[in-house]
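Thank you for making time this morning. I would like to walk you through one model, starting from a single residue and working outwards, and I will pause on a few questions along the way.

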Amino acid sequence: MEHPYLFFVKLFEWIGLAHFAHAYPHVIYSWVVMILLIVVGSVSAKRLSLVPAKGQNFFEIVVTGIEDFMVDITGEEGRWLFPVVATVFIYILTCNLIGLVPGFFPPTASLNTTASCALTVFVFTHYIGIKYHGAKYIKHFLGPIWWMIPIIFPIEIIAHLARVLSLSFRLFGNMMGHELVLAILFFLAGAFLAPLPMMAMGIFVALVQAFVFFLLSIIYFSGAMEHAH
Amino acid sequence: MEAKALDFFIMCVVAAGFGLAVTASVCGIAQTLGLRKAVEGIARNPESSGKVTVTMLIGLAMIESLCIYSLVISLILIYAHPQAGAIAALFGAK
């Protein structure tokens, strides 16, 4: 699988940082996504008006949609979680979607990016648990019956660690698999526009995977907030 | 002894192929079961179509992630087996 032609990697080659650019394309493209989101967000929020214009309107739809959906699942007490999860969701969605542009590499197709997002969610889950319950947060891991604690406690710890694995691998596997299929189809029948149906599916997969990451995050957060069994 | 090293890599690729084939078939059946009940639910109550569709998509993504785990293992076996160098040296050096 040859290294594909990536625009920003070429840009870094011209600057002279070719080795860094070829070894870490996911870092470079995550910078691209960050700059894109910051610029679009700040331009849309420049002149906030009561009757919203185009950019503000779009972002209001997105933000209220995500917030209403989130409060549906976590309840009113979970409203303060909204900035973290919405940022993760919009960041992962944009990362997934720019992979569909020819010449761009989706940062989430690298395990480093997805593991970083999963670790953020994992650490924040325990931060919520300790903030809401203090030292009694350990009761979440102990189960309802006291003499089964030696069995249940390791299983709960492994389940929590498996959350990190599952979140990161689900997103990474979907994005990397999609990239691989595109590369193989391009190699086999690129002249016949064979990758195009896969790119159409790629839009769907990008949306669904970002949404599933977001949904699992808020389910874990509400699980940490609620009282133990 | 080089033949034994080749055998190891052949077995890795065969295992990757068969593992993924089994996982994908069972995943297909599992998603069919979920999808079947979702469509029945929509047919019985067309007004709930939005909620049922969203829940169904979430369920399908969760089931599909199990197949993705298997895909990742297969990719590791074929492209990035951690002991590949050591085993090749072990068999080739003898």
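Let me begin in chain B, where Ala16 has its place in helix H1, the helix that covers residues 2–44. Please keep in mind from the start that what you see is a predicted model, and that what I say about B:Ala16 and its surroundings is computed from that model. Is B:Ala16 buried or exposed? B:Ala16 counts as buried, because there are 20 C-beta neighbours inside 10 Å, and 20 is the number from which a residue is called buried. If we leave aside the neighbours within four places in sequence, the residues in contact with B:Ala16 are B:Ser74, B:Leu77 and B:Ile78. For B:Leu77, which lies 61 residues away along the chain, the separation between its C-alpha atom and that of B:Ala16 is 6.4 Å.

Staying in chain B for a moment, I would like to turn to B:His81, which is found in the loop between H2 and helix H3 (84–93) of that chain. B:His81 counts as partly exposed, because 16 other C-beta atoms lie within 10 Å. Its contacts, again without the neighbours within four places in sequence, are B:Cys12 and B:Ile76. The C-alpha atom of B:Ser70, by comparison, is separated from that of B:His81 by 14 Å, with the two positions 11 residues apart along the chain.

Now to chain A, and to its overall make-up. Chain A has 8 helices and 0 strands, and its C-alpha trace spans about 65 × 50 × 35 Å along the principal axes. Of its 229 residues, 25% count as buried. If we take the contacts in chain A with a separation of 6 or more, then 64% of them are accounted for by residues 24 or more positions apart.

How do the helices of chain A pass one another? I will take two pairs. The axes of H7(A) and H8(A) come within 10 Å and cross at roughly 175°, and the two helices are therefore roughly antiparallel to each other. Many residues make this contact, including A:Leu167, A:Leu171 and A:Leu182 on the H7(A) side, and A:Val205, A:Phe213 and A:Leu216 on the H8(A) side. By class, this contact of H7(A) with H8(A) has 13 nonpolar, 4 polar and 2 charged residues.

The loop between H7 and H8 of chain A holds A:Leu193, and you may want to look at its backbone, since phi of A:Leu193 is near 55°, a positive value in a residue other than glycine. A:Leu193 counts as exposed, because it has 11 C-beta neighbours inside 10 Å.

The second pair is H4(A), residues 54–74, and H5(A), whose axes come within 11 Å and cross at roughly 120°, and that angle makes H4(A) oblique to H5(A). The crossing is right-handed. From H4(A) the contact is made by A:Val63, A:Ile66, A:Glu67 and A:Met70, and from H5(A) by A:Phe82, A:Val85, A:Ala86 and A:Phe89. These residues divide into 7 nonpolar, no polar and 1 charged.

Let me now bring the two chains together. In all, 8 residues of chain B are in contact with 10 residues of chain A, and the side of chain B that touches chain A divides into 7 nonpolar residues, 1 polar and no charged. Within this contact between chains, the axes of H8(A) and H2(B) come within 10 Å and cross at roughly 90°, and the two helices are therefore roughly perpendicular to each other. Here A:Val208, A:Gln209, A:Val212 and A:Leu215 meet B:Leu57, B:Ile58 and B:Ala61.

Finally, which residues touch the most other members of the largest nonpolar core? Among the 37 residues of that core, they are A:Phe89, A:Ile92, A:Leu167, A:Leu171, A:Ala210, A:Phe213 and A:Phe214. Two or more residues each are given to this core by helices H3, H5, H6, H7 and H8 of chain A, together with helix H2 of chain B. The largest share, 10 residues, comes from H8(A). A:Phe213 itself touches A:Ile92, A:Leu167 and A:Leu171, not counting residues up to four places away in sequence.

Definitions and conventions. Residues numbered from 1 in each chain as written. Chains lettered and ligands numbered in written order. Predicted model: local features only at pLDDT ≥ 70, side-chain atom pairs only at ≥ 80, totals over all residues. Contact = placed C-beta atoms within 7 Å. Nonpolar A, V, L, I, M, F, W, Y, C, P; charged D, E, K, R; others polar. Core = buried A, V, L, I, M, F, W, Y, C linked by C-beta atoms within 7 Å. Buried ≥ 20, exposed ≤ 12 C-beta atoms within 10 Å, placed from the backbone. Helix = DSSP H or I, 4+ residues; strand = E, 2+ residues; numbered from the N terminus. Axes fitted to C-alpha atoms, helices over the stretch in contact; angles between N-to-C directions. Parallel < 35°, antiparallel > 145°, perpendicular 65-115°, else oblique. Left-handed = near helix turned anticlockwise from the far one by under 90°.
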